[in-house]
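The following exercises are to be worked with the sequence and the three-dimensional structure at hand. Each consists of a task and a solution in steps.

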Amino acid sequence: MLSLPILYCKRTSVIVKKCCKMKRFLLLYGSQSGQAQSIAESICQQAHGYGYFADLHCLSETDKYNLKNENDPLVIVVSTTGVGDPPDNAIKFVKEIKLQNLPADCFAHLRYAVLALGDSGYSMFCNCGKTIDKRLQELGAQHFYDTGLADEVTGSEAVVDPWICGLWEALKKENASEVCISLTNGNENCDIKVVANDENVLKLSDINTELQLLTLAETEQPLQNKEVDKQPSEPSLTASVSPLSQSALSVPSLPPAYLEVNFVENTFQESELHPVTSDNAVFQVPVTKAREITRADAVKTALLLELDISETSISYQPGDTFSVVCPNSACEVEELLERLRLTDKRDLCVSLQLKKDTKKRGAQVPLHVPKDNTLHFLLTWCLEIRAIPKKAFLRALVEHTTIASEKRRLQELCSKEGASDFNAYIRDCNTCVLDLLRAFPSCQPPLSILLEHLPKLQARSYSAASSTLYHPGKLHFVFNIVEFPWFSRKGVCTGWLQELVTPLLQNEKTEARIETNLTLFPKMSIFVRESHAFRLPEDHSVPIVMVGPGTGVAPFIGFLQHREELRKQMKDSKFGETWLFFGCRHHDRDYFFREDLERFVENGTLNQLKVCFSRDLPVDGQIQPKYVQDNIVLCSEDIIRILTVERGHIYICGDGKNMAKDVRSAFIEIFVKHCKGDQLDAMNFLAKLKSEGRYLEDVWS
Ligand code: FAD
């Protein structure tokens, strides 16, 4: 099979060898986890086939582009991180376009499109993309294509793929330019020049798609016939059923390889190596306590950890979050090394270079693969080996798979026709590269493919569950151990944390002598990412309503410890009414922090504690509220009073997939009832509270 961009067209017996003078557009990305970058790179690769040259840069590379003089269309792909924050490499750009002294028409010449990535579990969904979009408009720029808002919760590909398809159409309308195509027919060469108006570019892209269909259909047909009598009845990761198994496929074009890997002798000790984390300072801190705060029969196991930060310059406020630098599972790293036939190279340093002849535009050695590190170190600390492979990664794996049926299945999974199988067996199952290598034994990719496609191993965030007024020099946090029952595996970070603190958990159970020498405790690396949004009101007399089921209660334990201490220190001050809505499954199994919460109620720090249990049987046949939102509705009069008369603040923390939405709906319901308005009025009221910083969410999925 011929590989693109050399296109073979049977019908005309012509090979389209190259296109030059392609129409340029500027493509900028801002990316925290690497997803926006990889989407931008994919746009860049596809651009070629549609007759465009994408001039790709990171938003932070301000020396490589200048929007004030930019005459070609601009495309921005940007994610959102934290609580509506720009990714680190977009902060400067956002700051600069927000400068108030910019002339109102300074981008009047710009035509642009934005693809914003986000997670609707968070309150400020796609905020960075929306902010850039709004500001460019304010400065006179105009859309040539509608903004795309891709949601991680529902699967960003559902928006990203069609958005990219539509982009070519929109660019076509925006452009016209001269294109030179070299044609080869047998030994004859000829160059033709065409004006790349809408029609011609369309034809070029159509040929591209048609050819892929044609070549695949041709190569796959005999295989399908051979295997027709052992067709499986149920689809799975490795098996497809008709009609997909019989269908012609449109697969994405092969992403150009761009990395060359060499191994060199290692001169470093593993302890001298450091993963790339962020711009924030990283501290190694001892874990001085670990306690299981759920009973053994609870549905989820939650742990409380105490870190000693007394010997660091870390400072935090209740409501802040911090990040844990975690490694991949040691067993998975060893298995991956073995599967890649690289066990003998595990302790050699990996030297990366760009392939000299790479076709990838804007190719760069990935920043999250630091120089002079051993292969073992890179797989352990730098690459998210559990990441769900993107379709481009699957496409690259096809090239390194020898058994025809395995090759075909990988093609299906990355094809347009196989989109629902991709969602079912890759995305929704959290399938990772190791799962693929186990499932497709003839797939033997070189290391370079993994380095090209695996994103950065992200540090995991946790909310501080303590106040330094109550626990000086300490930082507490709580988390559920994430379990993937179908793979019998645990979350990368929570699984690792559990192993790290196993000796402490055993000591806690046996009430062993408490160690005082900090050097003997297990250590972990953390950094603080300050957020000033999710904080107690500066004025203590302002009432607060906190909603935090499960581990979502963490920041509120910090709030309450803080308030408890302030009340002791400021005896004459007025403190606003304080409410907490907490929920868990069972009163006896996972009502954690019960003693602390009861103490807060007893000493007046907490005025109202509303707790519900979603799986306990009704008491005396009385139906009880099950979820925090049920209690919120029951207390609607007080909540309305606190919000409207006393201008109180509402805080919501925890699961962003369901809880935050259900709680939002409960508030809307009570606003409708009490404000005697309709749904729209209630939503406007909620939006007003948000804009005043009085409805604050800190939610995660
Ligand atoms: P990973 O290996 O990253 O796996 C997580 C993936 O598994 C996700 O795709 C998720 O959708 C999926 N998943 C989650 N649970 C299950 C399950 N039971 N079965 C199958 N799939 C599942 N977490 C806390 O526990 N406490 C906190 O205080 C806290 N604060 C946070 C604050 C912020 C600002 C953010 C962004 C997140 C916070 N989190 C908190 C979430 C935390 O960062 C991690 O995502 C979580 O601990 C899982 O990490 P992991 O590496 O173990 O899981």
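The model is a predicted one.

**Exercise 1. Helix 8 and its neighbours**

Task: Identify the helices against which the buried residues of helix 8 pack, and establish how many residues of helix 8 are buried.

Solution.
Step 1. The packing partners of the buried residues are helix 4 (157-174), helix 9 (404-414), helix 10 (419-427), helix 11 (433-439) and helix 12 (447-453).
Step 2. Helix 8 spans residues 391-398, and 7 of its 8 residues are buried.
Step 3. By name, the buried residues are Lys391, Phe393, Leu394, Arg395, Ala396, Leu397 and Val398. The charged residues Lys391 and Arg395 are thus included in the buried set.

**Exercise 2. The ligand shell**

Task: Describe which parts of the protein surround the ligand, and explain why the ligand is assigned a position between two domains.

Solution.
Step 1. Count the shell: 22 residues surround the ligand, and the closest are Arg460, Ser461, Tyr462, Cys493 and Thr494.
Step 2. Assign the shell to secondary structure. At least two residues each come from strand 17 (460-463), strand 18 (474-480), strand 19 (483-484), helix 13 (492-500) and strand 26 (695-700). Strand 17 contributes the most, namely 4 residues.
Step 3. Assign the shell to domains. Residues of the shell come from both domain 3 (283-328 + 459-529) and domain 4 (544-700), and the ligand therefore lies between these domains.
Step 4. Classify the shell by chemistry: it holds 10 nonpolar, 8 polar and 4 charged residues.

**Exercise 3. Polar atoms close to the ligand**

Task: State which atoms of Tyr462, Glu483 and Thr494 lie within 3.5 Å of ligand atoms, and what share of the ligand's area the protein covers.

Solution.
Step 1. Begin with the side chains. A polar side-chain atom of Thr494 is 2.6 Å from a ligand oxygen, and a polar side-chain atom of Tyr462 is 2.7 Å from an oxygen of the ligand.
Step 2. Turn to the backbone. For Glu483, a backbone N or O atom is found 3.0 Å from a nitrogen atom of the ligand.
Step 3. Consider coverage. On its own the ligand has 990 Å² of accessible area, of which the protein covers 76%.

**Exercise 4. Unusual backbone geometry in loops**

Task: Locate the cis peptide bond that ends at Pro243, and then place Cys126 and Phe593 in their loops.

Solution.
Step 1. The bond from Ser242 to Pro243 is cis, its omega being near 10°. Pro243 belongs to the loop between helix 5 (198-226) and strand 11 (259-264).
Step 2. Cys126 is not a glycine, yet its phi is positive, at about 55°. The residue sits in the loop that runs between strand 6 (111-118) and helix 3 (127-138). Its relative accessibility is 1%, so Cys126 counts as buried.
Step 3. Phe593, also a residue other than glycine, has a positive phi near 65°. Its loop lies between strand 23 (578-584) and helix 16 (594-602). With a relative accessible area of 10%, Phe593 is buried.

**Exercise 5. Surroundings of Ser31**

Task: Is Ser31 buried or exposed, and which backbone nitrogens does its side chain approach?

Solution.
Step 1. Ser31 lies in the loop between strand 3 (23-30) and helix 1 (35-49).
Step 2. The cut-off for a buried residue is under 20% relative accessible area. Ser31 has 8% relative accessibility and therefore counts as buried.
Step 3. The side chain of Ser31 reaches the backbone nitrogen of Ala36 at 3.3 Å, and a polar atom of that side chain lies 3.5 Å from the backbone nitrogen of Gln35.
Step 4. Apart from neighbours within four places in sequence, Ser31 contacts Ala36, Gln37, Ser79, Pro87 and Asn89.

**Exercise 6. Glu564 in its helix**

Task: Determine where Glu564 is found and which residues it touches beyond four places in sequence.

Solution.
Step 1. Glu564 is part of helix 15 (residues 554-569).
Step 2. At 5% relative accessibility, this glutamate, Glu564, is classed as buried.
Step 3. Its contacts beyond four places in sequence are Tyr470, Arg599, Phe600, Asn603 and Thr605.
Step 4. Between the C-alpha atoms of Glu564 and Leu469 there are 9.1 Å, although the two residues are 95 places apart along the chain.

How values were computed:
Residues numbered from 1 in each chain as written. Predicted model: local features only at pLDDT ≥ 70, side-chain atom pairs only at ≥ 80, totals over all residues. Heavy atoms only, no water. Buried < 20%, exposed > 50% of the residue type's maximum accessible area, 1.4 Å probe, protein only. Contact = heavy atoms within 4.5 Å. Near = heavy atom within 4 Å. Polar contact = N/O pair within 3.5 Å; in protein donor to acceptor, adjacent residues only side chain to side chain. Areas by Shrake-Rupley, 256 points an atom, 1.4 Å probe, with all protein chains shown as cover. Domains from an automatic or database assignment.
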